[in-house]
Amino acid sequence: GEAVVKRKSKYNFVDLAGAERSKRTHAKGQRLKEGININKGLLVLGNVISALASGDKFVPFRDSKLTRLLRGCLGGNHKTLLIACASPSHKNAEES
């Protein structure tokens, strides 16, 4: 008979909305905590991407849940699609 080829797929949907500066949004309580955690994850994501781009031997994937989750997408052999929604306002240019 014919050979059977099995393929596996994995989808990660990551919403990084809320990654704005807290001073500007006046966020408080749970919303502030959420924004802080998102910003920490983004910082580590930037560190991981920098380490991969510069060919470092050590890549800090374990430094956040986000980078652990996306490890295969960032440093593996996965096919990755990124959709970014950024504000067109000049007020948000630095954050976007």
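**Group meeting: an all-helix chain**

Starting at the N terminus, the elements of this chain run α-α-α-α. That is 4 helices and 0 strands. Please keep in mind that what you have in front of you is a predicted model.

Overall dimensions next. The radius of gyration is 17 Å, whereas a compact globule of 96 residues would come out near 12 Å. Along the principal axes, the C-alpha atoms fill a box of roughly 65 × 30 × 30 Å.

Now burial and contacts. Of the 96 residues in the chain, 18% are buried. If we take the contacts with a separation of 6 or more, 34% of them are between residues 24 or more positions apart.

On to the surface. The chain exposes about 8,700 Å², and carbon and sulfur atoms supply 54% of that area. As for charge, there are 18 positive side chains and 8 negative ones. The centres of those two sets lie 5 Å apart.

Last, the aromatic rings. How many aromatic pairs does a search of the whole structure find? The search returns 1. The partners are Y11 and F13, with ring centres 6.3 Å apart and planes at 10 degrees; planes under 30 degrees apart count as stacked, so this pair is stacked.

Are the two residues buried or exposed? Y11 has a relative accessible area of 67%, and the cut-off for exposed is over 50%, so Y11 is exposed. F13 is at 78% relative accessibility and therefore also counts as exposed. The stacked pair is thus made by two exposed residues.

Technical notes:
Residues are numbered from 1 along each chain as its sequence is written. This is a predicted model: local features need pLDDT of at least 70, side-chain atom pairs count only at pLDDT 80 or more; totals for chains, interfaces and linings use all residues. Side-chain values use heavy atoms; hydrogens and water are left out. Helices (H or I, at least four residues) and strands (E, at least two) are DSSP runs, numbered from the N terminus. The radius of gyration is taken over C-alpha atoms; the globule rule is 2.2 Å times the number of residues to the power 0.38. Buried means under 20% relative accessible area, exposed over 50%, partly exposed in between (1.4 Å probe, protein chains only). Contact means heavy atoms within 4.5 Å. Accessible areas come from the Shrake-Rupley method with a 1.4 Å probe; for residues, only the protein chains shown count as cover. Lys and Arg count as positive and Asp and Glu as negative; His and the chain ends are not counted. The place of a charge is taken as NZ of Lys, CZ of Arg, CG of Asp or CD of Glu. Rings of Phe, Tyr and Trp (its six-membered ring) pair if their centres lie within 6.5 Å; planes under 30 degrees apart count as stacked, over 60 as edge-to-face and the rest as tilted.
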